[in-house]
Amino acid sequence: MPLNIVHDGNGFSRIILTEPTGSSAEVLLYGGQVVSWKNERREELLFMSSKAIWKPPKAIRGGIPVCFPQFGNLGSLEQHGFARNRLWSLDNDPSPLPPTNNQSSVDLILKSAEEDLKTWPRSFELRLRISLSAGKLTLIPRVRNMDSKAFSFTFALSNYLSVSDISEVRVEGLETLDYFDNLARRERFTEQADAITFDGEVNRVYLDTPTKIAMIDHEKKRTFVLRKDGMPDAVVWNPWDKKTKTVPDLGVEDYKTMLCVDSAAIETPIVLKPFEEWKGRQELSTVSSSYCSGQLDPRKVLHGFH
């Protein structure tokens, strides 16, 4: 199947993925970024800022930005690295991944460019496969070292999820874990609560997280389930009202309907020898929340819901 590529008024090339039950996703070549994921009822599942700047070289606030080769300001590069504001290409040779039905997946590639080699002098290929199936969006990032010496990097897929009301949302699966609190000079703490809830700004990197995390939206009776491999950390972020006012590309009310839960490799950078490849994977899905004493039905989410 040929890919459905449309060119919008902002000069962006969008790849539209669809699947038989009616869900869809939109991917930009700019940043290799997923900017929309709708379920079969055409409800948008990803958050996009009302003030997002759709103009290179700015990163686009919302969707699923790719943070590479640096997360945040943990290094000498621009915030979150350069992958999210570069133009990617279609990858016509996505070996060694098995080919898929083109209609519902796309393979993208970003290679080191001269401007990037000045600030990060390492030769690499960053590949990303984005696949859509009923109720599920899967991203498989891969980084290959094309250099003659080893290099290291940090990485994240920053998932901006659309929620009805952040103060009614809870995140389960990170209980008892250690985290770095970015609001307290990256001090290390241990999570004491039985679930993460929101009544103010939260900006934390949870360490050695499980392969599955659930984000429960009480009002929408919807639960996002994030499954991930190769990315041991998870970032949980909501800027709340004060911080939002200092972020130029966020609307003042936007924090109420967004939640960021990222798949990440931050605490321990990934080290690649020459021609070695790293592979990660994340799968976002939605299930309807069924409650029993304030908890999810554990058979559905905590024991391998398929």
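Which side chains meet in a salt bridge at 3.3 Å, N to O? Select E40 and R41 to see the pair, whose side chains are joined at that distance, and keep in mind throughout the tour that the model is predicted.

With both residues still selected, colour them by accessibility: E40 is partly exposed, with a relative accessible area of 38%, while R41 counts as exposed at 54%. Next, add E43 and R222 to the selection, since E40, R41, E43 and R222 are linked in a network of salt bridges. Over the model as a whole, the count comes to 24 salt bridges, and two others are worth a stop.

Move on to R185 and E187, where the side chains form a salt bridge with an N to O distance of 3.8 Å. Here R185 is exposed, at 73% relative accessibility, and E187 is partly exposed, at 39%.

Then select R281 and E283, another salt bridge, in which the closest N and O atoms are 3.9 Å apart. Is E283 buried or exposed? With a relative accessibility of 12%, E283 counts as buried, because the cut-off for that class is under 20%; its partner R281, at 34%, counts as partly exposed.

The next stop is E125, which you will find in strand β8, residues 124-133. E125 counts as buried, with a relative accessibility of 12%. Show its side chain together with that of R127, and a polar contact of 2.8 Å between the two can be picked out. Now display the surroundings of E125: leaving aside residues up to four places away in sequence, E125 touches I109, L110 and K111, as well as R142, V143, R144 and M146.

Finish at the largest pocket, which has a volume of about 860 Å³. To centre the view on this pocket, select R61, G72, Q79, H80 and W237, which lie nearest its centre among the 37 residues of the lining. What do the strands supply to this lining? At least two residues come from each of β16 (202-206), β19 (233-238) and β20 (258-272), and β20 gives the most, with five residues. If you then colour the lining of the largest pocket by residue class, the residues divide into 18 nonpolar, ten polar and nine charged.

Conventions
Residues numbered from 1 in each chain as written. Predicted model: local features only at pLDDT ≥ 70, side-chain atom pairs only at ≥ 80, totals over all residues. Heavy atoms only, no water. Salt bridge = Lys/Arg side-chain N within 4 Å of Asp/Glu carboxyl O. Buried < 20%, exposed > 50% of the residue type's maximum accessible area, 1.4 Å probe, protein only. Helix = DSSP H or I, 4+ residues; strand = E, 2+ residues; numbered from the N terminus. Polar contact = N/O pair within 3.5 Å; in protein donor to acceptor, adjacent residues only side chain to side chain. Contact = heavy atoms within 4.5 Å. 1 Å grid on protein atoms, 1.4 Å probe; cavity = no way out; pocket = protein on both sides within 12 Å on 5 of 7 lines; lining within 4 Å. Points joined across faces, edges and corners; volume = space filled by probe spheres on them. Nonpolar A, V, L, I, M, F, W, Y, C, P; charged D, E, K, R; others polar.
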